[in-house]
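User: I am new to this structure and would be grateful for a close look at one part of it, the surroundings of the ligand. Please then relate that part to the local features of the backbone and the cysteines.

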Amino acid sequence: MSESPSNRPKRLLLGVTGGVAAYKSAELTRLFVKAGYDVQVVMSEAATRFVAPATFQALSGRPVFTDLWDNRIDNHMAHIDLPRGADAILVAPASADFLFKLAHGAANDLLSTLCSARDCPVLVAPAMNRQMWENPPNLRNVALLRQDGVHILGPDEGDQACGETGLGRMLEPEQLFALVDAFFQPKVLKGLKVLLTAGPTFERIDAVRGITNSSSGKMGFALAQAAFEAGAEVTLVAGPTSLPTPVGAKRVDVVSTQDMLTAVNGVVSKTDIFISVAAVADYYVLNPSEQKIKKDAHILTLELAPNPDILANVAGLAAPPFCVGFAAESENLLEYGEQKRRRKKLPLLVANQVQSAIGADDNEVILLDDHGQHKLERAGKLDIARAIVNHTAKLYREYHTKS
Ligand code: C5P
């Protein structure tokens with residue numbers, strides 16, 4: 001659940017302006033409410049032509065405001081009272097007309113007026129026909145908004161409701177939710193480059209068969225998201241997994257351990273922090289067959305050779321990045337974890353019990369570092385990832401003030 005610094009739920013004022021994408025903002029409202037946000041919806045008059053306020057009222061659990069003169073606010077000052085309690089204003093969809101009004105300080109309806117009277121950040125998710133988006137006055141307005149510190153989320157490229165294809169679609173609700181939630185996270189890795197490995201690797205036996213490890217990739221992908229939220233520039237080297245790329249991460253897909261090592265070596269010199277989450281296949285098949293091996297009743301012998309240890313390689317560099325390792329163990333978690341940390345020369349190792357981690361959406365882990373051990377109680381993988389990122393940032397700063 002997203003909490004403000006004072007530990008109260010985040011308060012989001014969601015502005016909805018006139019556009020077909022307004023229907024997606026109903027889902028967006030649900031995502032924020034589900035994550036524990038307090039959502040106050042304000043609609044433009046045009047937005048109410050697309051979706052009825054009752055929909056947003058039901059989803060947010062709060063009355064929806066559309067009118068500057070609404071007398072449900074005692075002092076008749078909705079444009080002052082509504083933005084005062086908000087941690088941020090998100091306008092989604094933001095129409096071309098709304099972008100124009102915001103860029104020029106218009107105050108002629110409730111949403112534009114309360115934006116003029118705000119003392120919190122504003123994020124906008126533009127949604128319009130591609131020609132409208134590329135219309136020079138609209139692009140000038142967007143440039144002005146950027147100068148004013150307004151955060152522009154999207155737009156996306158693709159099919160449009162009008163039947164045309166191009167730039168102007170609103171980002172999907174899940175993407176918008178992730179970006180806004182990221183916006184609220186402390187920027188503890190700002191300016192740093194983070195490289196992660198995630199998922200399993202796969203070693204070919206023949207044209208169809210192979211050896212792999214069980215790993216969903218969820219923990220590594222959650223860490224990539226958490227690192228991006230913390231302000232890092234993120235490269236994610238991923239073994240075979242069908243997970244969607246976390247918002248903000250640059251993804252490099254690989255198959256074998258050797259491919260993963262090559263991809264890591266390609267960026268490691270420009271890396272501040274390396275987080276090795278991948279469940280790497282420890283062996284590869286010496287002579288994989290180009291063709292599918294025919295099945296018969298005989299015993300099939302495979303010759304396996306050990307793969308390079310990517311993490312140990314990186315940690316052993318002359319000037320290594322700050323390295324974080326993972327250890328999934330089925331027994332003696334602390335003992336084996338600490339042995340692995342020392343053997344691989346890691347400032348931080350995240351130890352987790354195999355039985356409780358693989359494939360699940362939540363996890364519980366123990367962080368092992370030079371100070372000792374620190375348990376993170378069972379929680380969703382993104383919450384665990386955020387806590388690991390915070391701990392990593394703290395240790396990273398300690399190491400750099402020492403050296
Ligand atoms: O497989 P093991 O338990 O040694 O994995 C511990 C850590 O080392 C993990 O962070 C894993 O990503 C990394 N590792 C690696 N290359 C290998 C084996 C493990 O980077 N070949």
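Analyst: Helices and strands are here DSSP runs, of at least four residues for a helix and at least two for a strand, numbered from the N terminus. The model is predicted, and the description below should be read in that light.

The ligand sits in the second largest pocket. Two elements give two or more residues to the shell around it: helix H12 (310-315) and strand E16 (322-329). There are 13 residues around the ligand, and those that come nearest are Ser 276, Ala 278, Phe 326, Lys 340 and Lys 344.

Several contacts involve the backbone. In Ser 276, a backbone N or O atom lies 2.6 Å from an oxygen atom of the ligand. Phe 326 likewise places a backbone N or O atom 2.8 Å from a ligand oxygen atom. At Pro 308, a polar backbone atom is 3.0 Å from a nitrogen atom of the ligand. Of the 440 Å² of accessible area that the ligand has on its own, the protein covers 87%.

Strand E16 also leads to a feature of the backbone. The loop between E16 and helix H13 (333-343) contains Asn 332. This residue has a positive phi of about 45° although it is not a glycine, and it is partly exposed, with a relative accessible area of 39%. A second case is His 76, in the loop between helix H3 (53-60) and helix H4 (78-84). Its phi is near 60°, again a positive value in a residue other than glycine. His 76 is partly exposed, with a relative accessible area of 45%.

Two peptide bonds are cis. One joins Ala 92 and Pro 93, with omega about -5°, and Pro 93 is placed in strand E3 (residues 88-94). The other runs from Gly 154 to Pro 155, with omega near 0°; Pro 155 lies in the loop between strand E5 (151-152) and strand E6 (156-159).

The cysteines remain. Cys 323 is buried, with a relative accessible area of 2%, and Cys 115 is buried too, at 1%. A search of the whole structure finds 0 disulfides. For Cys 115, the closest cysteine sulfur is that of Cys 120, at 8.2 Å, which is too far for a bond, because a disulfide requires the two sulfur atoms to be within 2.5 Å.

Methods. Residues are numbered from 1 along each chain as its sequence is written. This is a predicted model: local features need pLDDT of at least 70, side-chain atom pairs count only at pLDDT 80 or more; totals for chains, interfaces and linings use all residues. Side-chain values use heavy atoms; hydrogens and water are left out. Buried means under 20% relative accessible area, exposed over 50%, partly exposed in between (1.4 Å probe, protein chains only). A residue is near a molecule or strand if one of its heavy atoms lies within 4 Å of it. A polar contact is a pair of N or O atoms within 3.5 Å; within protein, one must be able to donate a hydrogen and the other to accept it, and residues adjacent in sequence count only if both atoms are side-chain atoms. Accessible areas come from the Shrake-Rupley method with a 1.4 Å probe; for residues, only the protein chains shown count as cover. On a 1 Å grid over the protein atoms alone, a cavity is a set of points where a 1.4 Å probe fits but cannot get out, and a pocket is an open set with protein on both sides within 12 Å along at least five of seven lines; lining residues have an atom within 4 Å of a point. A molecule sits in a cavity or pocket if more than half of its atoms lie within 2 Å of its grid points.
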